[in-house]
Amino acid sequence: MIQITQVTDVVRKYTDEIGEEDVGKKIRLCGWVHEVRDHGGLVFVILRDREGFIQVTLPKKKVKPEVFKRAKKVHRESVVEVIGTVKAEPKAPGGYEVIPEEFKVLNEADAPLPLDVAEKVPAELDTRLDHRFLDLRKPRVQAIFRIRHCMLQSVRNFLCEEGFIEVNTPKIVSTATEGGTELFPISYFEKEAFLNQSPQLYKQVLMGAGLERVFEIGPIFRAEEHNTVRHLNEAISIDIEASFVDHEGVMRVLEKLVSRVYEDVCEKCEKYLNWLDVKLDVPEVPFERISYDEAIEIASKKGESIPWGEDISTTALKLIAEELPEHYFIVDWPTKSKPFYAMPYEDKPEVCKSFDLMCGYLELASGAQRIHFYDKLVERIRECGMSPESFGFYLEAFKYGMPPHSGWGLGADRLLMSILKLKNIREGVLFPRDRNRLIP
Ligand code: AMO
């Protein structure tokens, strides 16, 4: 790794890089003061960096007086740089300690802290999110984001290997895609505009452009009224679209992707999974598929009836999940319960070639084969009570050679929530946006 911090002869080490080979050697540590334990003539400073902790031991008689004085009065969470000699010490966390010859306070933190990073004083999620930069210093919280990073990298690697091209589509748009109720209007000079709910229209247009397989990892905005543990107003969606593939084809891509993410997280994030005390089992593919009809039948037998054609309620989904493995697909939804672009079955137009990927009762993704015929699409837009005129640029792409295609959208925040069994989706989002939260 390139040494990008201050230049000295002494090599900077992360706390987890210190081993037997460093004993007796001089190293440089940079990080935050996690804890100070003052025993009079002996002071222990626990230094934390992004990889863990190390004990900096200061016996009054063995360190320079100014170093001893500085360490003794440093506030918790101050930023420090320590140069010192590594000693094996079985009683120290990690088995090593550092005896400093230099102890620089690069920036002193105020006291008292608005949030206890050492987690001795527990805090509610709201308080934690209000002071998120401090909350993020907690190793267990950082672990979530290290795993999120690995998850997204795994998604990218897998989709690139499968021939998908990464694209970026506009987030300031002029039309709804997933129904008109959840739109955020914005002012865009003299025009009406919205934040995009989904890259849906653009990824389909790119099929008309001949890109064949595209993916996007980007924000989607939904004016969700409800404050639930699994809804955000700004979420990250992993979207794909593929030509000459039916809904079954993209479901296979989706299940393989999910299982690959588990494999990669297990392999590359053992340390962070341990910090979180999470054990993962890689889900086996193929995932079970049940039809919408079978799903509502299960719910109805358990006392929760869903009128055919309606969306499945959370209560019903919880009952359905009791009968199924962790990951499963609900397929063949009523056409009227899905957006206009889902392709109805030729011989049964009241049902469409769509699917939801579930993890327990949590919906992780939804997708479908799309209607690729211009006339049929215009008819469906009208049936859904919308005006084809507002879909001009989208519809044009269907007039001049649109291949058959399918795709899905997978909620990245929900995927992370399900992998780590987070109780609240907000825990896996750096700065979540919900009805009550616009700051920080
Ligand atoms: P859908 O609306 O089902 O489908 O969204 C796809 C996935 O995105 C995630 N998601 C959310 N996550 C957190 N908070 C929200 N408010 C939220 N809304 C959605 C979910 C969901 O399964 N265009 C289609 C996809 C497609 O057919 O390609 C779409 O947007 O995990």
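Of the 25 residues around the ligand, those that come nearest are Gln-200, Arg-222, Glu-363, Ser-366 and Arg-370; a residue counts as near if one of its heavy atoms lies within 4 Å of the molecule. This is a predicted model, so to speak of local features takes a pLDDT of at least 70, and side-chain atom pairs count only at pLDDT 80 or more, while totals for chains, interfaces and linings use all residues. Residues are numbered from 1 along each chain as its sequence is written, and side-chain values use heavy atoms, with hydrogens and water left out.

Sorted by class, the shell around the ligand holds eight nonpolar, eight polar and nine charged residues. Here Ala, Val, Leu, Ile, Met, Phe, Trp, Tyr, Cys and Pro count as nonpolar, Asp, Glu, Lys and Arg as charged, and the others, Gly among them, as polar. Helix H5 (200–208) and the strands S11 (234–243), S17 (362–369) and S18 (405–411) each supply at least two residues of this shell. The biggest giver is S17, with five residues. Helices (H or I, at least four residues) and strands (E, at least two) are DSSP runs, numbered from the N terminus.

Next come the polar contacts of the ligand, a polar contact being a pair of N or O atoms within 3.5 Å; within protein, one atom must be able to donate a hydrogen and the other to accept it, and residues adjacent in sequence count only if both atoms are side-chain atoms. An N or O atom in the side chain of Lys-203 sits 2.8 Å from an oxygen atom of the ligand. For Tyr-341, a side-chain N or O atom is 3.1 Å from a nitrogen atom of the ligand. Gly-411 joins in with its backbone, where a polar atom is 3.2 Å from an oxygen atom of the ligand. On its own the ligand has 620 Å² of accessible area, and the protein covers 93% of that. Accessible areas come from the Shrake-Rupley method with a 1.4 Å probe; for residues, only the protein chains shown count as cover.

Now for the chain as a whole. The protein chain has twelve helices and 18 strands, and its C-alpha trace spans about 85 × 55 × 40 Å along the principal axes. Of its 440 residues, 52% count as buried. Buried means under 20% relative accessible area, exposed means over 50%, and partly exposed is in between (1.4 Å probe, protein chains only).

Asp-413, found in helix H12 (residues 412–420), is buried, with a relative accessible area of 4%. Its side chain makes a polar contact with the side chain of Arg-148 (2.9 Å). A polar atom of the Asp-413 side chain also lies 2.8 Å from the backbone nitrogen of Ile-236.

As for ring packing, the structure holds twelve aromatic pairs. Rings of Phe, Tyr and Trp (its six-membered ring) pair if their centres lie within 6.5 Å; planes under 30 degrees apart count as stacked, over 60 as edge-to-face and the rest as tilted. One tilted pair is Phe-287 with Phe-329, at 6.1 Å centre to centre and 40 degrees between the planes. This pair links distant parts of the chain, 42 residues apart: Phe-287 is in the loop between helix H7 (270–276) and strand S12 (288–291), and Phe-329 is in strand S13 (residues 327–331). Both Phe-287 and Phe-329 are buried. Another tilted pair is Phe-391 with Tyr-394, 6.1 Å centre to centre with 55 degrees between the planes, and both of these residues are buried too. Phe-391 and Tyr-394 also belong to one aromatic cluster with Phe-340, Tyr-341 and Phe-398.

Two lysines sit over rings, which calls for NZ of Lys or CZ of Arg within 6 Å of the ring centre and within 35 degrees of the ring normal. Lys-318 lies over the face of Tyr-361, 4.7 Å from the ring centre, and Lys-338 over the face of Trp-333, at 4.4 Å.

Finally, some backbone oddities. Most residues other than glycine have a negative phi, and most peptide bonds are trans. A cis peptide bond joins Ala-111 and Pro-112, with omega about 0 degrees, and another joins Val-285 and Pro-286, with omega about -5 degrees. Pro-286 lies in the loop between H7 and S12. Phe-244, in the loop between S11 and helix H6 (247–268), has a positive phi of about 60 degrees although it is not a glycine. Phe-244 is exposed, with a relative accessible area of 56%.
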